[in-house]
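This report walks through one protein chain, element by element, for someone meeting it here. Please keep the sequence and the structure at hand while reading.

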Amino acid sequence: MGDMLTSGTEYEAARTIWNGAVTSRPLAVLRCATTADVQAGVRAAGEKGLPLSVRGGGHDWAGRALTDGGLTLDLSPMRRVSVDPATAVATVAGGATSADVAAAAQRAGLVAVTGTAGSVGMAGLTLGGGYGPLSGRFGLAADNLLSADVVLADGTSVTADEERDPELLWALRGGGGNFGVVTSMRIRLHAVPTILAGMIMFGSDVLPELEESLLRGPDELTVQAGFITAPTGGSALFVAPTWCGEPEAGTKVLQRLTELGEPLTAQFGPTTMPDQLAQIDAMFPAGRHVEIGARTVTGLDRTVQEILLDAADAKTSPLSAISLHSLHGAAARVPADATAFRNRTPHLMVETIAVWEPGDPAEDRHRAWVRKTDRLPGGYPNLLGPGDAERTAAAFGPNAERLLSAKKRYDPELVFHAPGRL
């Protein structure tokens, strides 16, 4: 069995995750370097009746990587990523981050479908769906999952792919991490001519003009937009496009985005996925206190605009932000029942991110600000919190019943029971 930590410097490091507001103290943390370590940990938790949690990247804002008084399986020692350039497939260990995967793919002349931040665990991102800058062309991270090695609730290890246990693979493609511990997975990589990306800043009056680019642009273009604090103070609308296709065409498309209004700043050019992920990590470093809300809308009608603009103007911390993640193109052409992730109608996932420094006396105000977007519908289960159980079930829609059946089959004793998940 791997190292069991119950106190001391290593224990404190293992229980310190991205969101500094999370103070959970597991009874013990098991540092897992192998599948056998994970199996031993799962069995030990069952024998002793301990609540069990799994830490991959430790980036879940709600702190579900830790459990008070329970056993946390820390997969951070399991970060190996190997790439087969001939098949364009990466084998990713359970503790690898998105940055680890992007770097390995880059070295092979390929790209991986990740989220927007490099410090996020690749497994957790993929199991929850995974919106990202390449989703318009290549689908969600979950759509690129080919197979997974999973330690189940009884400690056995199985492989889920299209031939061996396709039902478990279906559930893992967007159904969350409550079916077992993914110790390794195979994901599809892609070759692209170039990646162009950048940042354009506008005044808020440009918001209505963004809908076409966000939801109906070419597959090669995925645009993230939202509101951040401008360098001069106040709120500014950011537009962060990513183009993964022929460079001359991409330059023209990105140039047209600057013409939606009078840009405050505009810069874009060639980049790599590792560099792009690192920029987001720099904007949202570990240790600050965070609360997140997630909703989904099918467009930017007047009501949605009013809610977003009101929330942007009411920000209680200059570190907070609102981000609009687009699902369109290839991600929207996957049948709704083909994976556990159901919402394939072109839409925007609205992520309301309250961020403040430790010790800030206005913590309650910052948390309350997140609820400024509660009037919006829908939700993204990977970002919904323990109090959003109804929205979580609604997000899965008719797929929820099939997911619950899978849960009864693979984990009838509810060994894996992260709050806020099916």
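In this predicted model, helix α2, made up of residues 35–48, lies across β2, β3 and β4, and its direction is at about 170° to that of β4. The strands beneath belong to an open sheet of 4 strands, which follow one another in the order β1-β2-β4-β3 with mixed pairing. At its edges stand β1 (4–5) and β3 (52–55), each of which pairs on one side only. Within this sheet, strand β2 (residues 28–31) and strand β4 (residues 71–74) run parallel and are joined by 4 bridges. One position to look for there is V29, which stands opposite T72 in β4. As background, strands of a sheet pair through backbone hydrogen bonds, either parallel or antiparallel.

Further along the chain comes a hairpin. Strand β5 (residues 81–84) is joined by 4 bridges to strand β6 (residues 89–93), and the two run antiparallel. D84 has V89 in β6 as its bridge partner, while 4 residues lie between the strands, and A88 in this hairpin takes a positive phi near 55°.

Another open sheet holds 7 strands in the order β14-β11-β13-β12-β16-β17-β15, and its pairing is antiparallel. Its edge strands are β14 (265–270) and β15, each pairing on one side only, and from one strand to the next the twist averages 15°. Inside the sheet, strand β12 (residues 221–229) pairs with strand β16 (residues 321–327) in the antiparallel sense over 3 bridges, and A225 has L324 in β16 as its bridge partner. A helix also covers part of this sheet, since α11 (residues 363–370) lies across β15, β16 and β17 (347–356), running at about 175° to β17.

The strand pairs described above with their bridges can be set side by side.

| Strand pair | Sense | Bridges |
|---|---|---|
| β2 (28–31) and β4 (71–74) | parallel | 4 bridges |
| β5 (81–84) and β6 (89–93) | antiparallel | 4 bridges |
| β12 (221–229) and β16 (321–327) | antiparallel | 3 bridges |

The edge strand β15 returns when one turns to the open spaces of the model. Strand β15 (residues 289–297) gives 5 residues to the lining of the second largest pocket, which is the largest share. This pocket has a volume of about 150 Å³ and is lined by 15 residues, among which W61, E291, I292, V370 and D388 lie nearest its centre. Sorted by class, the lining of the second largest pocket comprises 7 nonpolar, 3 polar and 5 charged residues.

What lies enclosed within the protein, and how many cavities of 30 Å³ or more are counted? The count comes to 1 cavity of 30 Å³ or more, and the largest cavity holds about 50 Å³ of space. Its lining is formed by G128, G174, G175, G176, P381, N382, T392, F396, R421 and L422. By class, the residues that line the largest cavity divide into 3 nonpolar, 6 polar and 1 charged.

Finally, the chain can be viewed as a whole. It contains 13 helices and 17 strands, and its C-alpha atoms fill a box of roughly 65 × 55 × 40 Å along the principal axes. The radius of gyration of the chain is 21 Å, which agrees with a compact globule, because for 422 residues such a globule would have a value near 22 Å.

Notes
Residues numbered from 1 in each chain as written. Predicted model: local features only at pLDDT ≥ 70, side-chain atom pairs only at ≥ 80, totals over all residues. Heavy atoms only, no water. 1 Å grid on protein atoms, 1.4 Å probe; cavity = no way out; pocket = protein on both sides within 12 Å on 5 of 7 lines; lining within 4 Å. Points joined across faces, edges and corners; volume = space filled by probe spheres on them. Nonpolar A, V, L, I, M, F, W, Y, C, P; charged D, E, K, R; others polar. Pairing = 2+ DSSP bridges. Axes fitted to C-alpha atoms, helices over the stretch in contact; angles between N-to-C directions. Contact = heavy atoms within 4.5 Å. Rg over C-alpha atoms; globule rule 2.2 N^0.38 Å.
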